[in-house]
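Thanks for coming. I will go through the empty spaces in this protein, and then through one pair of helices.

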Amino acid sequence: MAKRSADDHGTKLGDGAPVTLSVDGVAVTVPEGTSVMRAAFEAGVKVPKLCATDSLEAFGSCRLCLVEIDGRKGTPASCTTPAAAGMVVHTQTERLARLRKGVMELYISDHPLDCLTCAANGDCELQDMAGVVGLREVRYGMKGANHQDAPKDASNPYFTFDPAKCIVCSRCVRACEEQQGTFALTILDRGFASKVAASMDQDFLASECVSCGACVQACPTATLMEKSVVEHGLGERQVQTTCAYCGVGCGFVAELQGERVVRMTPAKDGKANEGHSCVKGRFAWGYATHPERITKPMIRGSIEEPWREVSWEEAINHAASEFQRLQRAHGRKAVGGITSSRCTNEETFLVQKLIRTAFHNNNTDTCARVCHSPTGYGLKQTFGTSAGTQDFRSVEAADVVMVIGANPTDAHPVFASRLKRRLREGAKLVVVDPRRIDLVRTPHVEARHHLQLKPGTNVALINAIAHVVVTEGLVDERFVAERCEADSFAEWRDFIQRPENAPEAVAPITGVAAEEIRAAARLYATAGNAAIYYGLGVTEHSQGTTMVMGMANLAMATGNLGRDGVGVNPLRGQNNVQGACDMGSFPHELSGYRPVGDDAARALFEAAWGVALDPEPGLRIPNMLDAAVAGHFKGIYIQGEDIAQSDPNTSHVTAALRAMECVVVQDLFLNETASFAHVFLPGSSFLEKDGTFTNAERRISRVRKAMEPRSGMQEWEVTQALATALGYPMHYDHPSEIMDEIARLTPTFAGVSYELLDRVGSVQWPCNEAAPEGTPVMHVDRFVRGEGRFMLTEFVPTEERTGPRFPLLLTTGRILTQYNVGAQSRRTANSVWHDEDVLEIHPHDAQERGIRDGERVALASRTGETTLTARISERMAPGVVYTTFHHPETAANVVTTELSDWATQCPEYKVTAVQVRPTNALSTWQSEADDVRRRTHRIDVAAD
């Protein structure tokens, strides 16, 4: 297998005017600012190196890359010496050979000579360079002082740190600083005593290290080494694919021995991540082979019975016959389905196609609706398209960044690293969040303003910011006149200037001082380039859509659209949230966001699919659940989604599932929803499938099968078989054929094909004749809808209010090491860092209630109660508490309400009135849920 360093160019190319020089007699032209080392590489000459790597800035410490330059004294380091016009460089002379061999001899004199048994054997740059310089003996012996007895640190669950093998090249330290931006590593002491240390000379697990893997990737020796490689050895083949965690969509190379993954390394040519990674994508892939994986189809007569393993044919035929029975008895609209943001575009497209063609209704919805549907609706109304405006690289041109209701360092860590690099370069930051997230103050980054608003007051705050822009003459009048509707702008301007929108008027509502609002507004409006990045803290509110429109209004009013460094950018939570929306998973829209009631759009699909489609929108998930409780909705097909844990008001969700007669769940594990299922169809992990994901920047990337599906089938094959059993034959030989159909039916995907993706790596839609290789930045010359439309954004307080019974406000979020409902990440060593959800509570609120740090508390709302551990923290303001939702044992959604966004029914997860009190017992719900799991997850493994 190719070495990790095989495609490393040593240093980066410059960006200046061309200069021509000679390297070993070869003329080469490179941009000014390019190093001599890189110029040599471009000329086909590889200069020996150890501390240099093209992913980091040149450092010049290893002294191995020495060269001679005509007319210049000494032997400068080629990695730090800039190329100049007319320069004559020699990389291979007797003098250089002698110097390099001497340098290498010094390294080896303090290095274990255990190459044959070393985990890095065959993938070690020190070993390679010893061969390159021709080192055959070490004259110094091993008797003097050395570092051979330095203890190994194996505290991190994924990699070891062996200081005995460290050559102190600083690559790990520099990677932590430059790529990750955590600054968790340093070089302690000087001279012979110098060493790499984590934080205050702690072990890696106890340190500030976030286990992104950048240091492991950068290490040229076996000092930092993946435990999986130590145990199994190096891979023998590689498959490039896309991460199945968050919406950043990082490219990865899976390194395998047969069907066993031994390492996942971030792809240097991954356009979303450019060689960086986080702890989940880099290391937390072990769930794919976890022993709890369900790999055989199962059925049962009732949820009280144990599961019975059956063949694929029996399971699919049974599910089809049950759905047909229910439709005969209760009508064609008595069944529906849910698609998943964790499945591929192709799989999601087929599920909604099955529902429209084989169920003959539009009862299709997606988990994407419960997180970012306000994004789609709000941006469609204002800009004309249902997605963010920029690529991730755009942030590198931002002068001011406003992060609203998002926590990138936890939820989108690879983008956060890119953002932090820009902030360290001088861009200014405004954080709008009820919680003091890490970005408010982290090493070498500090927000200029933290607008710590009360949950539920987003719209009041964005209106106040816009009020300052309008009343202080900060509107980009030229942009508005050239690019936006005059009438809607005039109406909006009159509205936003009203006294009730002034910072002084909204300060008591939001809890943010008027002078802070004014200062943040001026900073954003007067920046050369100002960008907005937002998350679920914007969308998961009763006014989520209104807030999205408010941000769009602000960007248009200040002219911050249509170029690099600006825009309105949703940070999508799951790997394919954008794609699930694009593929027509909503009950009112076909793929490409075209209404089912549009006769022309529907006719296109009817012609392609050979069946009449229902012109009436179907049911959303909340409507399905309500109808089930009322006795009208009887069956559901759920692919890759766990609504019993992820959706609000868990008691209502489980009551609805109990009321259905046929619940079909397709997933990797027996999740909470499977407790109420009658048919279980095994799913396939991202390592076992072909397809595409679409990330938060509209980037369509290939997912490639690295191993055969453990169940024997990929999801698209199962859906195809189910549709055929229901009487609507589907036949595709490969997911590429599904993408071809998507491209034929979806204008924004018209130019997308696997051939294109394999050739260029990835593309951002729209990808069509007008943009054959995609569109990094939207709305460059004009908005998709023509002229930008300003929308009125009146602040309407949420119906969820605090009072004597429930005096606190609960808001929720995510943590770095876990993902969504935790089905994947909890089945990895990531649980070392986060093995339970905890409740963050301000010291004042804790003291009032007699709560001490680490004690169990009851968290109660008007919908339910759960218990969890309290963590006293000043990240939250008094009156606000916070928790995550990764563990089913805690089930934060037991207490969340059914209040939702006015336009999309996206749940209001972020505002729940609660009370907290000490307790020593599990809640009634938790006790009952434990009993349900025990009774409903039984499998009769002896059955045929």
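First, a caution: this is a predicted model. Rolling a probe the size of a water molecule over the atoms shows where empty space is left. For this structure, the result is eleven cavities of 30 Å³ or more. I will take the largest cavity, which holds about 370 Å³ of space.

What lines the largest cavity? The lining has 29 residues, and those nearest the centre are Gly405, Ala406, Gly537, Thr812 and Lys910. Three elements each give two or more residues to this lining: helix 11, at 408-411, helix 18, at 536-539, and strand 31, at 808-813. Which of the elements gives the most? That is strand 31, with three residues. As for residue classes, the lining of the largest cavity has twelve nonpolar residues, twelve polar and five charged.

Next, a pocket. The second largest pocket contains about 970 Å³ of space. Its lining is made of 36 residues, and closest to the centre are Val210, Asp410, Asp438, Leu816 and Arg875. The elements that supply two or more residues here are helix 11, helix 12 (413-424), strand 18 (441-442), strand 32 (838-841) and strand 35 (880-884). You have heard of helix 11 already: it also gives two or more residues to the lining of the largest cavity. In the pocket, though, the largest share comes from helix 12, with four residues. By class, the pocket lining divides into eleven nonpolar, 13 polar and twelve charged residues.

Now the helices. Two packed helices are described by the angle between their axes and the distance between the axes. My pair is helix 22, residues 621-630, and helix 24, residues 650-659. Their axes lie 8 Å apart, and the packing angle is about 55 degrees. What do we call that arrangement? An angle from 35 to 65 degrees is neither roughly parallel nor roughly perpendicular, so helix 22 and helix 24 count as oblique to each other. Their crossing is left-handed.

Which residues make the contact? From helix 22 they are Leu625, Asp626, Ala628 and Val629. Helix 24 brings His652, Val653, Ala655, Ala656 and Ala659. Sorted by class, this contact has seven nonpolar residues, one polar and one charged.

To recap, we looked at a cavity of about 370 Å³, a pocket of about 970 Å³, and a left-handed crossing of helix 22 and helix 24. That is all from me.

Methods:
Residues are numbered from 1 along each chain as its sequence is written. This is a predicted model: local features need pLDDT of at least 70, side-chain atom pairs count only at pLDDT 80 or more; totals for chains, interfaces and linings use all residues. Side-chain values use heavy atoms; hydrogens and water are left out. On a 1 Å grid over the protein atoms alone, a cavity is a set of points where a 1.4 Å probe fits but cannot get out, and a pocket is an open set with protein on both sides within 12 Å along at least five of seven lines; lining residues have an atom within 4 Å of a point. Grid points are joined across faces, edges and corners, and a volume is the space filled by probe spheres set on the points. Ala, Val, Leu, Ile, Met, Phe, Trp, Tyr, Cys and Pro count as nonpolar, Asp, Glu, Lys and Arg as charged, and the others, Gly among them, as polar. Axes are lines fitted to C-alpha atoms, for helices over the stretch in contact, and angles run from 0 to 180 degrees between N-to-C directions. Angles under 35 degrees count as roughly parallel, over 145 as roughly antiparallel, 65 to 115 as roughly perpendicular and the rest as oblique. A crossing is left-handed if the near helix is turned anticlockwise from the far one by less than a right angle, and right-handed if clockwise. Contact means heavy atoms within 4.5 Å.
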